[in-house]
Amino acid sequence: MSGLIPSGLNRRLVVAALAGSAADLAGLGLIASAAWLITRAAEQPPLAALSVAIVGVRAFATSRGVFRYAERLAGHDVALRAQAATRERLYEALIPSGPLSHRGADLLSRMVDDTDAVQDLLVRCLLPAIAALVTGAAAVVIALFLLPAAAFALLAGLVIAGVLLPLGTAAASRRWSARLAPARADLAARVADLVHGSADLAAYGAKGEALAAGMSADDRLAALERGQSRVSATALLTGVLTQGLTVVAIVWICQATGTGSVATAVLALMSLVAFEPVLPLAAAGERLTGVLAALRRLTDLRSLPAAVTEPAVPAATPSGPLTIGVSNLVVRHGQARPALNGVSLTLTPGRRVAIVGPSGAGKSTLLSALMRTVDYESGNITINEVEARDLPSETVRHLMTGLTQDPYVFQASFKDNLRLAGPEASDEELAHAVQAAHLDTWADRTGWDTSLGEDGRTLSGGQLQRLALARAVLYNPPILLLDEPAEALDEQTAAALMADLLDATHGRTTLLITHRLRGLEAVDEILVLEDGQITQRGTHADLTTTDGYYRTLWQSEAMLHT
Amino acid sequence: MHRDLMRVLPRRHLAVCLGAAIVAGLLVLVQAELLAGVLSGRFAVGALLPLALVIGLRGALGWAQGVAAGRTASGVKSLLRHRLLSRFQDMSPAEHRSGELVTLTGRGLDALDPYLTGYLPSVAVAAVVPVAVLIRLFVADLATAIIVLLTLPLIPIFGALVGMTTKAVTERQWRALARLGGHFLDVVRGLPTLRAFGRARYQASVIRDVADQHRSATMRTLRVAFLSSLVLELVASLSLALVAVPVGLRLLSGSLDLSTALLVLLLAPEAYLPLRAMGTRFHAAMEGVTAADQAFALLGEERAGESGRLTAPEGVPEIRLESVTVRYPGREDAALTDVSLVIEAGERVALVGPSGAGKSTLLHLLLGFVTPSSGRVLVGGVDLADLDLDAWRRRLAFVPQRPHLFATSVADNIRLGSAASSDEIRTASAAAQAAEFVESLPEGYDTVLGERGANLSAGQRQRVALARAFCRPDAEVLLLDEPTARLDGRSESAVLDSTRHLAEGRTAVIVAHRPAMIDLADRVIRITDGAITEDHARPVGGLR
C-alpha cells in the first residue's frame, strides 16, 4: 500500500492528519472544559478557579474551526497531488503495454474513475481514521487519569465502533458488491440493448420482451440495493447503541464508584463527543471495499506485461537507405492459431509493396509486428541486416511508422492534432502535409485552430483518415506504413482516399495495406495475405491473369468501375 | 424540493423514513433531559434505564429510517427507469437521444440516492428539531435561548452568502476537474497514435503539467470556498462558548441550577447540528436534482402519434408514396421532399445515391419509424398512419445499416421477436452465410454475445442480422439497408445468392452501393438530396 502514496506527499499528508486530529481534539477539549466549567461552577468556587476553564472553552471553540479549515485545505491538496501522481504513473506504465482499445470505451473511462480511488483512500478513509484514532486515544488517556474503570469502558466502546464495526461493514460491503456488480452490469446491458437496439426491436416486434427483461434486471438490482441499505442501517444502529450505552455504562460506573459530579460530567460528555469522529468510520469501511477493488484493478493494469521485449543491449541504429527483410514471420495472439504463419517479404528503398486480403487475414498484425507493438514468435524482421528485436522499439518506430489502424483524434485544435507528428515543423511543412493528404480545402474552410472535439466528431471518416495521412507525411519516416481502413468509409470516399494514398507515396519506401484494388497497378509488388499466409504475389498484371482471391475481387470491383 | 419527484415517491416508505428521522431527532431532547438529570443528581441512578431505552429507541428509529430510505430510493429509481424505457420504446427509433438516455437510466439515476436517503430526511429534521430545541431552551433558560435564537440564523445566512459568492467559482473548478479527467482519458485513448509518432513519453510530462496547473488553480479557489465551512464551524462552536461561559458564571452566583445548566450545554449544539447536516448534504443532493430534472424533461416530451387500428389487406401489398415530405426536428432541410412512388407487389427495387441523400429515411418511412410531415404512405391502399404498426411490422423483414446485436445468445439474436425453433434458426443462419462461423463459436448458437456483439467482426454481425431476416420466411416485404456493406468479396457473393432467394415472391426495397446488389433488382431508383432523380428498369447486363 505504501507504494500508492507518492514520496513527496508524506509531509503534506502528516500536516493534513495533524490538522484533522487537532480539530477533533479541540472539539473534545471544548466539551470537556465546558462540562468541567459548569459542574465546577455549581460547587461555587472562587471565580479564579474557573478562569483557566473559561479561557480553555474560548480557545478550543475558536481553534476547532481554524484547524478544520487547515485540514480541509491540506487534505484536498494531498488528494489532488495523489491523483495527479497516480495518473502519471499509470500512463507511464501503459506506454509499453499492448493495445487497450479492445477493452472498450467503458472500461477505459472506468480506469480514469479508478484513479480517483487513491484520493478517496486518503481523504475519506485514511485521514478520518487517523483523526479518530488520535481523538479516541486522547479521550481514553484523560479518562484513565479521572477513573481507570471508566477508561476501559470507553476503550471498549471505541474499539467496537471504530474497529469492529468498520471491519464488519467492509466485509459486508465486499459480499454485497460481489453480488451488486454483476446485477448492475446486467441492467446496464439490458438498458443499452433497449436503447441502441430500439429500431431492431420495433421492426421485429420484440419491444415487450426486451422491456420485461430490463425490468426484471432492475427488480433484481433493487432487491440487492435494499439488502445493502439494511446493512448500512444496521451499522448505523450499532453505532448509535455503542455510543449511547458506553456513556450510560460510564455514568453507571461513576455512580457505583462514588466518583464526584465534576469528573462524572466530564467523563460522560467527553465520551459522548469522542465517538463523533469514530462513528463515520463505519461508512468509511463500506467505501474501503470499492476503493481497494479500484486500486487492485490499477495494480493489475500497471503490471500488464510489456507488448514487446526490449533489448538489454540495443544494437546500433541502422542508417543510409533502408531495406526491410521479413522472413518466415510467425505472430500469435495468445493461444489461438498464428495470426501470421510464415510470412516473408522484402522492401527495398524506393519500392512500394501492397498487401491485400480479406479482413482477419493478418494484414494489420503484420503492420503491428513491423512497428514493434506486438512481438513475433519466430522468423526475422531485419532493417539493413539488423534484427528489429535488437533495437529499442521506439527506434524501430522512428524508422517505420505511418497511418495505423484506428488513428485517434485528440480533443485539441486541428493544428495541434497534426503537429503531434512534427512538433518542430514549420507552417510550410504543415501546409505541405495537409496538401499531400488533400485536406487543404477542408482545413482552409474549417480553420486550422478549430477544436476537433470529443472523438473527432467534427470529422467524417474520410477526413479522419486524411488527417492521419497528413500526420504520416509530416513525420516523414524512412519507411512509410499505411493501413487503409475500408470498413468506416463508403465506396466513393474510399476510392478517392486510395488514389490520394498512392499519389502521396510516389518514390517513398512504402508498405500499403488495402482492401481495394483500383490503382494498384502503380505499386511494385502485391502480396495476397489469406489466413496468415501469403498465397499469391506479383504485379497487378500478373495477379489479374491468375486464378485466385485477387482476380475474384478485381472482377467484382470491375463491375462498379468499368 | 423537487415537485415532480415528490409526486412519484412511494408515500408509505417516505412517511416512515421522514417520521423516523424526526422522532429520532426529538428523542435527542429526551436523552439530554435524562442525562442532565442523572449527571446533576436530580434523577437517581435508576434513570439510566430509561436513558438506555431512549438510546435503543433512537437506534431502532435510525434503522427504520435507513431501511425505509433504501426502499424509497430503489422504488423511485425502478419507477423512473420503467417509465423512461417504456417512453423510449414509444418514441421513434429515428430520434437520437440514446447516449444520454443510457447514462441516465443506468448510473445517472443513482445520483438520486444521496438526495432521497440523505438530504430529504435531513431537511425534515432541520425543519423540526431546532424549533423543538429552542422551545425547550426558552422554557429552561431564557438567556441561553436568546443567544441560540440570535446565532442560529447565522448558519443558513452565512451558508447562503458564502455559497453564493463561491458557487460560480467552485462549479467552474469542478468542471475543470471533469475536463482534467477528460484530458487524461483522451491521452490514454490516443496512446497508440502517440506511440506511432514517438510522442508517448513526452505526453507524460504534459499530463503532469496540466494536473499541476489545475491543482494550483483549484487550491486558490478552495481557500475561499472552505471559508464557508470555517464560518459555520466557528458559529457553532463559538455559540457553545457563548452559552457555556455565562451559564458557568451564573451557576457561580447561584442564579441557575446544575441540572438546567447541563441540559442547556447538551441541547445547545443540537440546535445547530441539523442545519449543518443539511448543508453538508446539499451539494451531493443537487446532483440528484439534476438527474431528476433530466428524467422528467425526457418524460415530459411530446409523445409520438398513436398507432392506428387498421390492418392492410392480406397478401403481398403494393406500396404507394404520395407527395411525401419528411422533416427531422431541428434540421432545416427536409430529408425527403415531395416524393411520389409506386412499388408494385413483388417488385424488387434498388435505392442508390450518395450517403445522406434520404435512402435510409425512405426505409424508415415504410417501417413507420418516421411519419411524413406532408403527403401519405399507402400500404395496399390503406394509409400507414391508420395501420396497426406492430401488425404491419410483423409482415416486414428489415436489416438496418448498423444492426444491433443484443447481449443474449446468438440463437435469441436470430430468433428476435419470433418463436422460431432451433432448426429454423439453423436454416436461417445457413441461408445468411452465418452458420459456419456461429458453429465455430465456443458454444455455437448458445454463445452469449458481448455488449453490442463485441466479440464478432463487422461482417459477422451483418450476417447475424441477415439471418434475422431469413428467420421470417413469411415476411411479405423485405427492407435491406446496404446488407453487404461490411462484407468482403467472397462472403458478399454468398450473401447475394441468399438474398436473391429470400426476395423471391416478395416486395423488396434494397439500399445498395455495390453493383452486385443492384443486379438483384428489377428497378433502380436514384435518390439525390431527398428527391428521386432517376427511376428506371435495371438495364440488362448490369449497371454501368
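Domain bounds, as used here, come from an automatic or database domain assignment. The model itself is predicted.

On that basis, chain B is divided into three parts: domain 1 covers 1–129 + 275–304, domain 2 covers 142–255, and domain 3 covers 319–537. Domain 1 of chain B is thus written as two stretches of sequence, 1–129 and 275–304. Between the C-alpha centres of domain 2 of chain B and domain 3 of chain B there are 56 Å.

Chain A is divided into domain 1, residues 7–302, and domain 2, residues 324–561. Taken over C-alpha atoms, the centres of domain 1 of chain A and domain 2 of chain A are separated by 54 Å.

The next topic is where the chains meet. In chain A, 109 residues are in contact with chain B, and 115 residues of chain B take part on the other side. Helix α7 of chain A, residues 207–256, supplies the largest share of the side of chain A that touches chain B, with 23 residues. Sorted by class, that side of chain A has 59 nonpolar, 28 polar and 22 charged residues.

Last comes the nonpolar core. The largest one has 341 residues, and the members that touch the most others are A:Ile38, A:Ile250, B:Ala244, B:Leu265, B:Leu351 and B:Ile510. Helix α1 of chain A, residues 10–42, gives this core its largest share, 19 residues.

One of these members, B:Ile510, can be followed further. Leaving out residues up to four places away in sequence, B:Ile510 touches B:Val349, B:Ala350, B:Leu351, B:Leu480, B:Met517, B:Leu520 and B:Ala521. Among them is B:Leu351, itself one of the residues listed above for touching the most other core members.

Terms used. Residues numbered from 1 in each chain as written. Chains lettered and ligands numbered in written order. Predicted model: local features only at pLDDT ≥ 70, side-chain atom pairs only at ≥ 80, totals over all residues. Contact = placed C-beta atoms within 7 Å. Helix = DSSP H or I, 4+ residues; strand = E, 2+ residues; numbered from the N terminus. Nonpolar A, V, L, I, M, F, W, Y, C, P; charged D, E, K, R; others polar. Core = buried A, V, L, I, M, F, W, Y, C linked by C-beta atoms within 7 Å. Buried ≥ 20, exposed ≤ 12 C-beta atoms within 10 Å, placed from the backbone.
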